Amino acid sequence: PPASTDTGDFLPYESSLTMPKSAAASSLCVRYDFSKNPAILREYRRFDGGVRIGKLLEDMDTASGDVASRHVFLEAAPRKPNGDISMAMPDNVTACVDSIRVLQSVPDVTTGNIDMQIEGRIIWTGNSSMLIRVRVWTIPATWVIDQSHPKLGPREPDKSVPSIAHRTSDDASMSMKRLYLVARKNSTPDRIGHEYTARGTEEALDAMMPPEPERKLFLEGHFLFVALSKQRKPLKINPVLVESWGDKKSSAFGEHLKQERAKNKATSLAKLIPNYEEMQYIHDKYQRGFLVNQSHAGDMFDTATSAPRTDHGHTFVPVGSTRLRNVNVTHPQDQNAGGKIFGGQLMRQATELAYQTCQLFWTMGEATAKSGAGKVGIDIVCIDDIDFVRPVAIGSLISFTAHVGYTSRDYAVVIVQAEIYDYNERSKFVSNNLSFVFRTKSRKPFQHVMPHGYGDCILHLRARRRLKAFLAREGVEQE
């Protein structure tokens, strides 16, 4: 539906919602000081010294929401008696996440040699939607910001944006507040509406990061937000200014992603039958005897921990036997500003389940313990498009179900579905569909997975499509 400009009693005035804004004015940068702050290191380190990607995904969701909120933020008049801002902004909800790329192996953050920075910028706007690009970089621990840099503004908090005190209020969940708490602990400046963010200092972000040869890109994702009024209708928002060649390039990329989303939605296997090539592919498996006489041998935990070890690439595992499931109840500690479950929390839980599903699958195929079974023998290389179908209420039961849907050489695709049971409404629905691409560190091939039944065939084809699209984007030759 077209975006509405009728805000009713939602905002004290509405003219500012149509004013173009610079992307740099709402940009974000926070440093993870792993090398000098033991508390931050404890929060993010994995059992083997690597960084927990799931935690970073939560922070990426927080960062993108922060950028979105500051882009459409309005300061209402008059101020409160104590001088604080009377804030007004639309309710920005995450509609989807376009493919999160993982561009290097999970770094060991316990060495004391590297820190990380998270960076967020708005790159495209529609009538009521906005696309936020979030990147996580690894940087040398020795790099220090030049606080006398002429591009940096005053250190006083910028009162034209929501304060950190507001964003760490009791209403926010701990997973949402964590990024701001990291920023507060930093010995170096940050840029979350706190320091160096006064108007006229939009180039400050470039001065707060090492030059690109010194920093290496680790994660990159694009988060699509929709601005809603109190009546839950799309609300027309500020267009983003396209001021430079880089802005034009980013805006064109945002438009490309919009078209890709529409194309994928129109050809989804949830709506259309498989295409001719896919039907040939499945029928070929049937003719060769791969789809018959296969029975489900329990889930992945049973299969991987009790099945005999075999050589990779020479055996077939039923898709149903790769299932791994996790069931939780949602609690108020995990809510977002709208009183629903924080999307980053769902992303973290799904990512960690996908990781363990693929790791168990890889371990199951290791012939001997000497080959590294028991250690993390896989790398996550892409988190594909994430659709937030419906918001999740507090007190609901949430079930994450993961399957290894497809493998090809040293790549595997894990599909995770999040199903919700709402106790109050006595209804069950799918809230999220997520897919993850993994690759073996040793470049040895995964075992093959084969579907059993039509439902498994559709899941298998979905995963195959994801891998083919990923390899095409990366320019990797396909079989």
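This report walks through the salt bridges and two unusual backbone angles in a predicted model.

## Salt bridges overall

Let's start with the charged pairs. A search across the whole structure turns up 18 salt bridges. Three pairs and one network are described here, with a look at where the partners sit and how much of each is accessible.

## A link between two helices

Glu-43 and Lys-55 join through their side chains in a salt bridge, at 3.0 Å from N to O. Glu-43 belongs to helix H1 (residues 38–44) and Lys-55 to helix H2 (residues 53–71), so this pair ties together parts that are twelve residues apart in sequence.

The two partners fall into separate accessibility classes. Glu-43 has a relative accessible area of 33% and is partly exposed, whereas Lys-55 is at 13% relative accessibility and counts as buried. Lys-55 is classed this way because its value is under 20%.

## A pair between Arg-46 and Asp-48

Arg-46 and Asp-48 also make a salt bridge, and their closest N and O atoms are 2.9 Å apart. Here Arg-46 is the buried partner, with 14% relative accessibility. Asp-48, at 35%, counts as partly exposed.

## A buried bridge from strand to helix

Next come Asp-98 and Arg-261, whose side chains meet in a salt bridge at 2.4 Å from N to O. Asp-98 is in strand E4 (residues 91–102) and Arg-261 is in helix H6 (residues 245–266), so the pair ties together parts that are 163 residues apart in sequence.

Are these partners buried or exposed? Asp-98 is buried, with a relative accessible area of just 4%. Arg-261 is buried as well, at 17%.

## A four-residue network

Salt bridges can also be followed beyond a single pair in this model: Arg-52, Glu-58, Arg-348 and Glu-352 are linked in a network of them.

## Two arginines with positive phi

Now to the backbone. Which phi does Arg-409 have? Its phi is positive, about 55°, although Arg-409 is not a glycine. You will find Arg-409 in the loop that runs between strand E12 (397–408) and strand E13 (411–422). With a relative accessible area of 33%, Arg-409 is partly exposed.

Arg-426 is another non-glycine residue with a positive phi, in this case about 50°. Arg-426 sits in the loop between E13 and strand E14 (427–440). Its relative accessible area is 68%, and Arg-426 is exposed. That class applies because the value is over 50%.

Definitions and conventions:
Residues numbered from 1 in each chain as written. Predicted model: local features only at pLDDT ≥ 70, side-chain atom pairs only at ≥ 80, totals over all residues. Heavy atoms only, no water. Helix = DSSP H or I, 4+ residues; strand = E, 2+ residues; numbered from the N terminus. Buried < 20%, exposed > 50% of the residue type's maximum accessible area, 1.4 Å probe, protein only.
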